[in-house]
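Thank you for making time this morning. I would like to walk you through one structure, going from a single helix outwards to the places where the chains meet and then to some pairs of charged side chains.

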Protein chains: 2
Amino acid sequence: MAFTIEFQPLGLRLRSENNLNALDAARQAGIDIMAVCGGEGTCGKCLIQILKSKSTHKPTIADQKHISPDRLKAGFRLACMTTLDSDSKLYVPATSILENQIMQTEGEEHNIDLHPAINQTQISLEKAHLKDLVSDFTRVKKALDKPGLKADLDILRKIPQILRKNAWCVNVITRGDQIIHTQEEKISAPLGLAVDVGSTKIACYLIDLNTGKTLTAKGTPNPQIAYGEDIMARLAFAMQSDNNAQTLNDLTISAINDTAESMCRRVNRFVEEIVDLCLVGNTAMHHFFLNLPTASLAVSPFIPAVTDPLYPPAKDLGLAAMPGAGVYAPPVKAGFIGSDHLAFLYAAQFCKDDRTRLGIDIGTNTEIALQAKGKIVSVSTASGPAFEGAHIAYGMRAAPGAIEHVCIDPNGQTEIDVIGSQEAIGICGSGILDAVAQLRQRGLINKRGRFLKEKEITKNDPQGNPAFFLSDGENAVSLSQQDIDQILLAKGAIRAGIDILMDYLAVEPAEIDEVVIAGAFGSYMLPEHAMGIGMLPTVPLSRIKIIGNAAGAGARMMLANIYARKEAERLARSIEYLELTLYPDFALYYANGIRA
Amino acid sequence: MAFTIEFQPLGLRLRSENNLNALDAARQAGIDIMAVCGGEGTCGKCLIQILKSKSTHKPTIADQKHISPDRLKAGFRLACMTTLDSDSKLYVPATSILENQIMQTEGEEHNIDLHPAINQTQISLEKAHLKDLVSDFTRVKKALDKPGLKADLDILRKIPQILRKNAWCVNVITRGDQIIHTQEEKISAPLGLAVDVGSTKIACYLIDLNTGKTLTAKGTPNPQIAYGEDIMARLAFAMQSDNNAQTLNDLTISAINDTAESMCRRVNRFVEEIVDLCLVGNTAMHHFFLNLPTASLAVSPFIPAVTDPLYPPAKDLGLAAMPGAGVYAPPVKAGFIGSDHLAFLYAAQFCKDDRTRLGIDIGTNTEIALQAKGKIVSVSTASGPAFEGAHIAYGMRAAPGAIEHVCIDPNGQTEIDVIGSQEAIGICGSGILDAVAQLRQRGLINKRGRFLKEKEITKNDPQGNPAFFLSDGENAVSLSQQDIDQILLAKGAIRAGIDILMDYLAVEPAEIDEVVIAGAFGSYMLPEHAMGIGMLPTVPLSRIKIIGNAAGAGARMMLANIYARKEAERLARSIEYLELTLYPDFALYYANGIRA
């Protein structure tokens with residue numbers, strides 16, 4: 001028998017004939033509920049409240065673990081653990097919904113050197129007559145003075161009619177020796193689309209390929225998040241069936257298309273005027289957007305299907321663009337070193353001088369490159385999503401209501417900055433980093449991150465664990481011992497990567513000329529606090545350079561210039577990949593790295 | 001109200017809700033009725049007899065023109081002029097149905113020099129492990145020792161699974177620097193398909209690309225015939241709507257696919273094992289099978305969309321083959337000089353010596369090439385379908401019941417050979433040529449083809465016109481004055497082309513070392529009779545070489561050898577196209593050519 005599910009406060013409804021998991025139901029209704037663990041009942045993020053239901057929903061073990069007895073009594077449950085089988089009315093708390101996160105799409109704007117892959121020429125031909133019988137295509141090639149020009153059948157099929165309808169004039173767009181588009185009129189300025197497909201967010205940049213200028217930029221949450229917040233969860237989801245893998249591909253392509261569409265509308269242009277694209281991402285994202293198989297990325301030794309630069313037609317990927325538009329997918333280096341890392345290093349101009357430079361792109365996986373002594377060596381480290389708020393009791397992304405900065409004065413008094421200047425509902429990465437760094441600085445936790453009992457700074461949180469409170473009231477935000485442990489594990493992984501690179505190339509901290517930090521979290525964190533908790537080796541603050549979404553900047557540079565692509569490909573070949581887990585004494589480096 | 005149409009003697013039935021043209025109805029019922037004029041009421045070939053109908057079918061002017069009063073009274077009508085609007089029973093005479101014509105697919109078998117475009121290699125790889133982290137694709141390239149190898153996404157998507165399912169072994173098929181297919185096991189012998197798409201028939205050859213041998217060959221009527229027997233009628237049909245053009249393309253591709261399918265079955269193979277194809281045809285056929293626009297081929301100055309050699313993927317053309325299979329479409333030269341002409345000249349080894357050679361491929365359009373003095377010049381002449389039986393009262397294709405040879409002894413006694421040794425129902429090209437040549441030889445017609453009244457050799461035919469009877473009885477086959485005129489016009493066009501070429505290159509008949517004659521009609525005609533009526537200049541019979549379907553032979557040579565393709569392309573560039581209608585005194589040459 002069919003039944004109705006109603007979602008409040010959004011007022012969305014869904015009819016179902018079959019029993020339905022509440023997380024799936026919400027997604028079907030169009031609500032993006034957070035599920036960091038991919039619906040396994042372990043992250044506790046997908047909280048809902050059952051307002052009305054004919055069935056009893058006995059709390060599961062997972063419910064009991066994540067939800068206080070009072071709230072359980074009030075009908076709160078984990079959506080992923082709840083099966084709906086009759087008319088139900090559910091309340092979805094704002095904290096369970098993926099909100100519009102702060103979307104950093106800026107990155108450092110480089111002067112983009114322009115040499116696009118495409119050319120546009122308006123030509124006017126002599127009408128064919130009995131003494132000049134060459135074919136229409138030959139006539140076009142002659143006018144362009146390019147006898148070696150080629151064109152696919154769909155182009156060749158269009159030329160005759162355009163010529164005869166348009167007084168033997170035609171506007172021709174070429175890429176290399178290939179005609180990719182013909183139409184009657186010139187396009188005012190061909191558009192390019194650079195995309196950085198991050199695990200969390202997709203950053204899109206619409207470029208005027210006549211000037212190299214970014215017309216507009218827009219970020220959108222990566223909709224894959226609905227199937228697992230971290231890469232491994234999504235790879236696991238994709239492994240379950242070909243359908244699942246296809247779903248992740250479809251979601252990604254749709255998100256890019258929707259974003260491109262909305263950006264084009266914003267600047268009064270059309271997606272059909274996008275003639276060239278450059279897509280970068282970590283290796284999993286790269287494989288997802290190209291619909292390459294990801295099974296071997298999910299298990300050791302994490303082998304990519306392909307690492308080479310690829311040039312697929314946009315239409316083969318289902319991307320909204322001019323029919324003949326091409327996509328440039330720069331090379332990836334290894335299972336966990338993607339084309340976003342390459343784009344970052346290229347944007348940061350690695351390989352262009354002989355300075356000793358450290359490049360760090362902090363994320364769930366943090367990629368680190370050290371340039372020194374004529375070499376560039378890269379590692380990837382599973383720093384985990386703690387800096388993105390996951391696995392932290394009150395952790396959340398950098399969205400309204402998140403504590404983004406924390407200051408603890410010598411007397412232990414706490415001041416917080418909340419995004420959107422509203423009541424705090426959680427804490428995001430930069431806030432967590434601040435809090436831990438300040439706790440350590442004020443001597444309230446020890447080297448191993450333990451609360452010093454004698455300081456009496458903790459109160460019990462709703463779960464009954466001692467925690468340090470950052471705000472008061474009913475929705476008080478606090479950090480528990482377990483939260484601090486998570487942060488130290490995350491920063492320990494990053495520090496171990498840095499230390500191993502420095503050991504491998506025999507570089508001392510004092511020799512480092514520059515530390516380049518990219519990524520969303522990297523832009524909001526305070527470098528002194530990152531050094532304070534030992535995430536970074538100690539270097540003068542002036543040597544630390546925050547460059548925002550460098551991968552997006554690199555993608556734009558490669559989009560606008562075919563020589564930049566070749567340079568970046570040379571850079572990719574020159575990068576040496578170091579597998580951290582095989583490095584001697586890796587465990588020791590990690591243990592050392594964890595210390596605050 | 002729905003009504004039923006019944007076709008006899010085939011016993012096929014059709015239900016229709018709407019008024020229906022009888023020609024369209026027959027086609028919908030699956031009966032290929034002849035319609036040389038494309039359903040315009042001018043050719044008179046689509047004769048049907050209305051056995052039962054609630055409506056009166058008043059004879060149209062076209063009916064009256066083509067059908068004798070007796071037959072009109074008996075219910076005979078032109079199908080294309082008949083509208084059906086109620087239960088009807090129709091009789092379709094055998095002479096109105098396109099029968100299985102003699103399909104000449106042999107051609108001269110050349111020793112095929114083998115250098116196919118594709119290569120097959122079975123490789124066995126080392127399993128990936130933590131100290132050998134290269135991508136699957138890089139691993140394949142290394143094993144093949146081809147670092148520059150490329151592959152489309154659909155191939156890259158398959159490799160990882162094949163490797164892991166098949167103990168790291170994979171069978172790779174490459175074309176140039178491109179992987180076009182991967183699978184677990186080797187293919188016993190990759191197949192190639194050579195196709196000569198003629199206006200009347202499609203000749204297909206299935207080739208073993210390991211040996212170059214033709215495994216089997218099959219001809220099938222070109223189903224475009226249903227929309228007009230000659231090229232101009234089909235071009236006119238295509239011009240009426242994009243849908244019509246698409247229909248002609250669909251029909252051609254389906255016919256090739258069906259034939260390929262049946263040939264593969266015959267030799268226990270699969271169409272998916274066809275890895276490479278070569279398709280030739282006259283320029284209209286070439287444009288139809290590539291789905292290129294044909295509007296400008298239908299009107300002066302007859303400009304092709306493209307003349308270059310093309311290499312479209314088979315799947316883009318809808319051709320049944322291995323998913324990565326490619327098609328080679330050799331260059332065409334002009335609106336009426338197609339790639340079949342090139343294939344003919346290449347098979348006949350034009351350009352390989354400095355002999356003076358004339359090459360003639362007789363058809364509705366007859367292409368003629370003269371090689372002399374270091375040049376090759378080609379012309380095309382609209383010889384019309386008379387030699388294929390069209391525009392001739394009892395004309396028909398070389399099918400059972402057709403008179404194929406005629407002998408008139410000095411006393412005016414006639415002997416005939418009928419295909420299938422049955423009662424004569426009509427006369428095909430070679431029979432017509434014989435008859436006219438013999439009438440002229442025996443002095444029964446004059447130079448202008450007029451019956452000599454004093455010889456009293458004619459009787460009135462059913463239309464009341466004086467005609468020369470070739471058989472007796474109810475279905476007596478005869479040739480009228482008008483028929484002979486048609487033949488002389490056709491041969492006149494061919495002779496004018498030859499004479500202009502000889503004038504252009506200043507060649508005398510005695511200087512011609514060889515006359516190479518290709519095409520179905522050319523294989524059955526007697527060269528002495530062709531000279532007898534002045535279709536060919538007089539040369540010693542030993543210098544005339546009949547080579548059958550040379551276009552098919554050329555297509556096979558190009559299919560099996562990539563250097564043959566380059567050679568043929570050089571040949572195409574070296575051919576000079578001469579536009580006959582612009583040649584000084586063209587009309588005079590034509591008038592002279594017509595004389596018997």
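**A helix, an interface and some charged pairs**

Let me begin with helix α5 of chain A, which has a kink of about 25° at I159(A), shortly before the proline P160(A). I should say at once that this is a predicted model, and that every value I quote is computed from it.

Staying with that helix, which of its residues are buried? The buried ones in α5(A) are L153(A), I155(A), L156(A), I159(A), P160(A), I162(A) and L163(A), and you will notice that I159(A), where the kink lies, is included in that list. As a reminder for anyone new to helices, an α-helix has 3.6 residues a turn, so residues three or four places apart point the same way. As for what these buried residues pack against, their partners in chain A are α4, β9 (150–151), β10 (169–175) and β11 (178–183). Just after the helix comes A167(A), which takes a positive phi of about 55°.

The helix also leads us to the interface between the two chains, where 37 residues of chain A are in contact with 37 residues of chain B. Together, chain A and chain B bury about 3,000 Å² between them, and 69% of that area is on carbon and sulfur atoms. On the side of chain A, the residues that lose the most area to chain B are L130(A), L133(A) and R157(A), which together account for 20% of what that side buries.

Turning to the polar side of this interface, the rule finds 16 residue pairs in polar contact across it, both residues being at pLDDT 80 or more. The helices α4 (136–144) and α5 (153–165) of chain A each supply at least two residues of the side that touches chain B, and the residues of that side divide into 21 nonpolar, seven polar and nine charged. There are also two salt bridges across the interface, and one of them is formed by D308(A) and K141(B), whose closest N and O atoms are 2.4 Å apart.

If we now look from the side of chain B, T307(B) gives us one place to pause, in the loop between α8 (283–289) and β16 (326–328) of chain B. Is T307(B) buried or exposed? With a relative accessible area of 14%, T307(B) is buried, because the cut-off for that word is under 20%. The side chain of T307(B) makes a polar contact of 3.4 Å with the side chain of S135(A), and a polar contact of 3.4 Å also joins T307(B) and T138(A) through their side chains. Apart from neighbours within four places in sequence, T307(B) is in contact with S135(A), T138(A), P331(B), V332(B) and K333(B).

Let me move on to salt bridges more broadly, of which the structure holds 28 over all chains. One of these, within chain B, is between R565(B) and D276(B), with the closest N and O atoms 2.9 Å apart. This pair links distant parts of the chain, since R565(B) is in helix α15 (residues 562–574) and D276(B) is in strand β15 (residues 274–281), 289 residues apart. Both R565(B) and D276(B) are buried.

Another salt bridge joins the side chains of E567(B) and K352(B), at 3.4 Å from N to O. Here E567(B) lies in helix α15 of chain B and K352(B) in the loop between α9 (339–347) and β17 (357–361), so the pair ties together parts that are 215 residues apart in sequence. E567(B) is partly exposed, with a relative accessible area of 28%, and K352(B) also counts as partly exposed, at 45% relative accessibility.

The last pair I want to show is R355(B) and E514(B), whose side chains meet in a salt bridge of 3.7 Å, N to O. R355(B) is in the loop between α9 and β17 of chain B, whereas E514(B) is in strand β26 (residues 514–518), 159 residues apart. R355(B) counts as partly exposed at 32% relative accessibility, while E514(B) is buried, with a relative accessible area of 10%. Over in chain A, salt bridges that share partners join D353(A), R355(A), R357(A) and E514(A) into one network.

Technical notes
Residues are numbered from 1 along each chain as its sequence is written. Chains are lettered from A and ligands numbered from 1 in the order in which they are written. This is a predicted model: local features need pLDDT of at least 70, side-chain atom pairs count only at pLDDT 80 or more; totals for chains, interfaces and linings use all residues. Side-chain values use heavy atoms; hydrogens and water are left out. Contact means heavy atoms within 4.5 Å. Buried area is the accessible area (1.4 Å probe) that two parts lose on being put together, summed over both. A salt bridge is a side-chain nitrogen of Lys or Arg within 4 Å of a carboxyl oxygen of Asp or Glu. A polar contact is a pair of N or O atoms within 3.5 Å; within protein, one must be able to donate a hydrogen and the other to accept it, and residues adjacent in sequence count only if both atoms are side-chain atoms. Helices (H or I, at least four residues) and strands (E, at least two) are DSSP runs, numbered from the N terminus. Ala, Val, Leu, Ile, Met, Phe, Trp, Tyr, Cys and Pro count as nonpolar, Asp, Glu, Lys and Arg as charged, and the others, Gly among them, as polar. The bend at a residue is the angle between axes fitted to the seven residues ending there and the seven starting there. Buried means under 20% relative accessible area, exposed over 50%, partly exposed in between (1.4 Å probe, protein chains only).
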